[in-house]
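This report describes a protein chain shown below. It takes up aromatic contacts, the division into domains, the sheet, the helices packed on the sheet and a few single residues.

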Amino acid sequence: MSKAIVLNEKFENNGEVVLPASYEEINSHNLYLYVKSYLTGLRANTARVKNRSEVSGGGKKPKAQKGSGGARWGSKRSPLFVGGGQVFGPTKRNYNQKVNKKQKVLALKYALNAQANNEALFVVDSVKLESGKTKDAVAVLSKINKRDTLIVVDSIDEKTYLAFRNIKNCYMVEKQEVNAYLIAAYHSVLIEKSVLDALTKEA
């Protein structure tokens with residue numbers, strides 16, 4: 001069974017908490033589908049060109065049908081001309097991919113379990129830093145000692161936000177914002193115990 005590392009108020013190792021055994025049986029394909037859906041939802045989807053029916057001009061036949069010894073041109077809108085329509089260019093598409101609620105839940109479970117298996121899921125009672133100083137936030141992350149960290153809290157208070165906001169290798173979100181993609185994207189997760197309990201209960 002996967003185990004999350006419990007930290008005390010000084011963010012030092014203080015034991016372990018076991019995740020539900022059922023998390024081990026989840027197929028990784030659920031996370032793949034969710035991440036694919038999440039990333040396609042972020043696409044701007046603004047790339048578009050005009051085809052020959054949409055470009056302006058083309059009212060007059062460019063040259064006579066016969067006599068030039070060349071091709072028979074009927075319109076300046078042809079893709080053969082500068083300013084003509086584009087052939088097979090990008091058009092607005094629907095990239096959205098549906099993922100049902102059960103798969104979203106399974107993806108979240110799998111992501112949490114994967115972090116726990118990598119010894120990168122850290123649980124603490126509270127992440128609040130009353131000082132609001134960046135050096136204190138850096139000290140917290142140095143004890144975790146991972147390349148980057150996702151911090152999941154019940155609610156972000158101003159002092160804690162000020163402490164962590166200028167650090168490049170961490171990102172803080174509230175409980176309602178967290179998802180399987182964010183958990184999987186970071187090399188470690190620091191999560192408040194109340195939030196983990198809520199997530200595992202909902203999942």
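## Aromatic pairs

The count of aromatic pairs comes to 3. One of them joins Trp73 and Phe81, an edge-to-face pair with 5.0 Å centre to centre and 85 degrees between the planes. Trp73 has 32% relative accessibility and counts as partly exposed, whereas Phe81, with a relative accessible area of 15%, is buried. Elsewhere, Tyr34, Tyr38 and Tyr181 form one aromatic cluster. The model behind these values is predicted.

## Domains

The domain assignment divides the chain into domain 1, made of 3-44 and 96-202, and domain 2, made of 46-92. Taken over C-alpha atoms, the centres of domain 1 and domain 2 are separated by 54 Å. A single residue pair gives another distance: Ile191 and Asn51 lie 51 Å apart in space, C-alpha to C-alpha, and 140 residues apart in sequence.

## The sheet

An open sheet of 6 strands is found, with mixed pairing and the order 2-1-3-6-4-5. Its edge strands, each pairing on one side only, are strand 2 (13-18) and strand 5 (170-174). From one strand to the next, the twist averages 25 degrees. Strands of a sheet pair through backbone hydrogen bonds, either parallel or antiparallel.

Three of the pairings are set out here with their bridges.

| Strands | Direction | Bridges | One residue pair |
|---|---|---|---|
| Strand 1 and strand 3 | parallel | 2 bridges | Val6 and Val123 |
| Strand 3 and strand 6 | parallel | 4 bridges | Phe122 and Leu190 |
| Strand 4 and strand 5 | parallel | 5 bridges | Val152 and Val173 |

Helix 2 (residues 101-117) packs on this sheet, where it touches strand 1 (3-7), strand 3 (121-124) and strand 6 (189-192). The direction of helix 2 makes about 95 degrees with that of strand 3.

Strand 3 is covered on both faces. Leu121 and Val123 are buried on one side, and Phe122 and Val124 are buried on the other. In a regular strand the side chains alternate between the two faces of the sheet.

## Helix 3

Helix 3 (residues 134-144) lies across strand 3, strand 4, strand 5 and strand 6, and runs at about 115 degrees to strand 4. Which residues of helix 3 are buried? They are Ala137, Val140, Leu141 and Ile144. Seen down the axis of helix 3, these buried residues fall within an arc of 95 degrees, so they line one face of the helix. The cover over the buried residues of helix 3 includes strand 3, strand 4, strand 5 and strand 6, together with helix 4 (158-164). After helix 3 comes Asn145, which has a positive phi, near 60 degrees.

## Single residues

Three residues from separate parts of the chain are described here.

Ile191 lies in strand 6. Is Ile191 buried or exposed? Ile191 counts as buried because its relative accessibility is 1%, and under 20% is the cut-off for that class. With neighbours within four places in sequence left aside, Ile191 is in contact with Leu121, Phe122, Val123 and Val124, and also with Val152, Leu196 and Leu199. The four contacts Leu121, Phe122, Val123 and Val124 are the buried residues named above for strand 3.

Ser188 is in the loop between helix 5 (180-185) and strand 6. Ser188 has a relative accessible area of 0% and is buried. Neighbours within four places in sequence again left aside, the contacts of Ser188 are Gln115, Ala120, Phe122, Ile144, Lys146, Asp148, Thr149 and Leu150. Among them, Ile144 is one of the buried residues of helix 3, and Phe122 stands opposite Leu190 in strand 6.

Ser37 belongs to helix 1 (residues 29-41). Ser37 is buried, with a relative accessible area of 17%. Leaving aside neighbours within four places in sequence, Ser37 is in contact with Gln97 and Val99.

Terms used:
Residues numbered from 1 in each chain as written. Predicted model: local features only at pLDDT ≥ 70, side-chain atom pairs only at ≥ 80, totals over all residues. Heavy atoms only, no water. Domains from an automatic or database assignment. Pairing = 2+ DSSP bridges. Axes fitted to C-alpha atoms, helices over the stretch in contact; angles between N-to-C directions. Contact = heavy atoms within 4.5 Å. Buried < 20%, exposed > 50% of the residue type's maximum accessible area, 1.4 Å probe, protein only. Arc of directions from axis to C-beta. Phe/Tyr/Trp six-rings, centres within 6.5 Å; stacked < 30°, edge-to-face > 60°.
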